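Work through the exercises below with the model open. Each task is followed by a solution in steps.

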Amino acid sequence: MALIDIQGITKIYQLGDVSVKALCAVSLSIENGEFIAIMGPSGSGKSTFMNILGCLDKPTSGRYLLEGTDVGSLGRDELAAIRNKKIGFVFQGFNLLSRTSALENVELPMLYNGVTAREREQKAMAALKSVGLEGREHHFPNQLSGGQQQRVAVARALVNNAPIIFADEPTGNLDTKTSAEIMELFTKLNAESNITIILITHEPDIAEYSRRIIKFRDGCIMTDEGGKNV
Amino acid sequence: MINIPSTLKISFRALRVNKMRSALTMLGIVIGVGAVIAMLAVGKGASQKIADQIASIGSNLLIILPGSTSSGGVRMGAGTQPTLTMGDTEAILRECPAVADVAPEHGGIAQIVYGNQNWATGIRGTTPNMLNVREWQLASGRVFTGQEVKSGGKVCLLGRTVVDNLFGNIDATGQVVRIKKVPFIVIGVLEAKGQSLTGKDQDDTIFLPITVAQKQLFGTQFPGMVRIIHVKAKSTEDLAAAEKQINELLRQRHRLGPKQENDFTVRNLTQLMQTQEQSSKVMALLLGAIASVSLIVGGIGIMNIMLVSVTERTREIGIRMAVGAKTWDIRLQFIIEAITLSLIGGVIGIILGVGGSKILSTFAEWPTIISPFYVVLAFCFSGLVGIFFGFYPAYKASLLDPIDALRYE
């Protein structure tokens, strides 16, 4: 069974009288342990696609099976539970809570699934250690560099042992050297922990780290190269 | 599953970040709760004071005064025309079913002498029933008997003020005092009652057998004349009936025709004061109601700030939703924040309200009573204000779209 199985997904935004078709009948299958880069110009529908894959948004039509579960039939809170257990997000703007220590930022997903305070701290410490931020647990986001902040975000995505990480332009705000470090971190997580990584990027050299590159244009998949056989 | 300790921690942090704003928001609740507590304390104190005075004159009390005469358009004051008799007193007790007890009074002001001390005070000739009617206890000694009234025994009961002025620390019981040169044996001392409603010292008095007052001390215009009759009705409900029965009985006994006015006046002291007590209670409620308006205004302040807070923290809400916060996780976070604000405000308000009413009773000498029930009520009410006015902002936050919230700048 594929990890993600998408059949004929469309997304239409209604802006007043005009309806904008952001996705047109996209079908795709992603296996466990893949490392995928989604590329395409602005407005190509890749962000919409990502939001649907990340259970933040629902398709207008089509079927989305995540580990065999039909996500389209789920309600708001059930989607929240799926995001909590199965999906980790890494954003371009880091999206950490300011005035909240790195440790507490990483603990955040566990606040919503009934993990005890003690266990939360242990797991968060371990996650921070795995992204190389040992000793910076009690720093606040504004005391950390961009690369370090993104590592905190990665630790937060990892902490619930989610099988999938969605990264929306994770290196967009970082310099080349730090970008390379973050991408190496993703590569390591993919190789060692078999975590499926799906990232959106503009930059071809970032996409190079992946093993499968999907290119979007005008809401449709233009090319889908690589895949697990590469 | 909702994580209350972590949610509380988040709320406290959010409130700490905007200290000034949180403090100002709380101020509304502080003033509201403080005002409610202080107003209720003042109101309750006032009605308690009146209730105490009712208790001190004796409950269910009617007083019958003789004639306010009105002849040729000239109305004289009550008591100007002596019309009440011992016979009236006995008839009232005998024939009015709503009356529990009756005591006549005849007396005046006279000087009382003990050794080289003297004191001028109100002498009340009466019967032993007086103590029952006025609900007055003895501090020491015994009451004079019906036999002593009949035989004109030279015995007397002294009020606390009289004892203090004549005897100081000496035990008054058994001593001999002279009133208008007539020696009386002190057989008992009355318990202290304090001030009456009009501020008169009720303890500045002497009780002695009415026959002695009538025949030897003050004299009468006709035998058996009585200045005042004190009546105790069976219950508060019987007061009106007793008044009616007494009116009918006395009109009949005094042979008044249908067109003639009463030659006596019945005063319902208890009812008078209960009306006062009632109005003071209404006043207290009114004050409380006005004060609670400020509590509601305070609540609106909380709602306002919470709405601002939700807008400011849209991105935070988006992040929480993305990592798995459910509808009620978000709602509870903001509701708890609002409750925290209002409860802290409530506690400070209670402290200020209690302190304020203490200050009022100390400096303005208003009697105030803090009832624990009102304190608990005010605390719970401030919590409810938090829930009520926190719900809408929390509801709004929980309905945000996670994608829009994450993009919010």
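**Exercise 1. Helix crossing**

Task: Determine in which hand α3(A) passes α4(A), and which residues make the contact.

Solution. This is a predicted model.
- Step 1: locate the helices. α3 of chain A covers residues 102-111, and α4 of chain A covers residues 117-130.
- Step 2: take the geometry. The two helices pack at an angle of about 115 degrees, and their axes are 9 Å apart.
- Step 3: assign the hand. The crossing of α3(A) past α4(A) is right-handed.
- Step 4: list the contact. α3(A) supplies A102(A), L103(A), V106(A), E107(A) and M110(A). α4(A) supplies R120(A), E121(A), K123(A), A124(A), A127(A) and L128(A).
- Step 5: sort by class. Seven residues of this contact are nonpolar, four are charged and no residue is polar.

**Exercise 2. The sheet of chain A**

Task: Give the strand order of the open sheet in chain A, and say which strands stand at the edges.

Solution.
- Step 1: read the order. Four strands of chain A run β2-β1-β4-β5, with antiparallel pairing.
- Step 2: find the edges. β2 (18-30) and β5 (69-70) of chain A each have a single partner strand, so one side of each lacks a neighbour in the sheet.
- Step 3: examine one pair. β1 (residues 4-15) and β4 (residues 61-66) of chain A are antiparallel and joined by five bridges.
- Step 4: fix the register. T10(A) has S61(A) of β4(A) as its bridge partner.

**Exercise 3. Where the chains meet**

Task: State how many residues of each chain are in contact, and which element of chain A gives the most.

Solution.
- Step 1: count. 20 residues of chain A contact 17 residues of chain B.
- Step 2: name the elements. On the side of chain A that touches chain B, α2 (76-86) and α3 of chain A give two or more residues.
- Step 3: rank. α2(A) gives the most, with six residues.
- Step 4: classify. That side of chain A has nine nonpolar, six charged and five polar residues.

**Exercise 4. Strands around β9(B)**

Task: For β6, β7 and β8 of chain B, decide whether each pairs with β9(B) in the parallel or antiparallel sense.

Solution.
- Step 1: β6 (residues 138-141) of chain B runs antiparallel to β9 (residues 182-190) of chain B, over three bridges. S140(B) has V189(B) as its bridge partner.
- Step 2: β7 (residues 155-158) of chain B pairs with β9(B) in the parallel sense, over four bridges. Here L157(B) is opposite G188(B).
- Step 3: β8 (residues 176-179) of chain B is antiparallel to β9(B), again with four bridges. V176(B) faces I185(B) across this pair.
- Step 4: check the turn. Two residues separate the strands of the β8(B) and β9(B) hairpin, and K180(B) has a positive phi near 45 degrees.

**Exercise 5. The setting of I210(B)**

Task: Is I210(B) buried or exposed?

Solution.
- Step 1: place the residue. I210(B) is in helix α7 (residues 210-217) of chain B.
- Step 2: count neighbours. 25 other C-beta atoms lie within 10 Å of I210(B).
- Step 3: apply the cut-off. A residue with 20 or more counts as buried, so I210(B) is buried.
- Step 4: name contacts. Beyond four places in sequence, I210(B) touches P104(B), H106(B), G125(B), T126(B), T127(B) and V149(B).
- Step 5: add a long-range pair. I210(B) and M86(B) are 124 residues apart along the chain, yet their C-alpha atoms are separated by 9.6 Å.

Methods: Residues numbered from 1 in each chain as written. Chains lettered and ligands numbered in written order. Predicted model: local features only at pLDDT ≥ 70, side-chain atom pairs only at ≥ 80, totals over all residues. Pairing = 2+ DSSP bridges. Axes fitted to C-alpha atoms, helices over the stretch in contact; angles between N-to-C directions. Left-handed = near helix turned anticlockwise from the far one by under 90°. Contact = placed C-beta atoms within 7 Å. Nonpolar A, V, L, I, M, F, W, Y, C, P; charged D, E, K, R; others polar. Buried ≥ 20, exposed ≤ 12 C-beta atoms within 10 Å, placed from the backbone.
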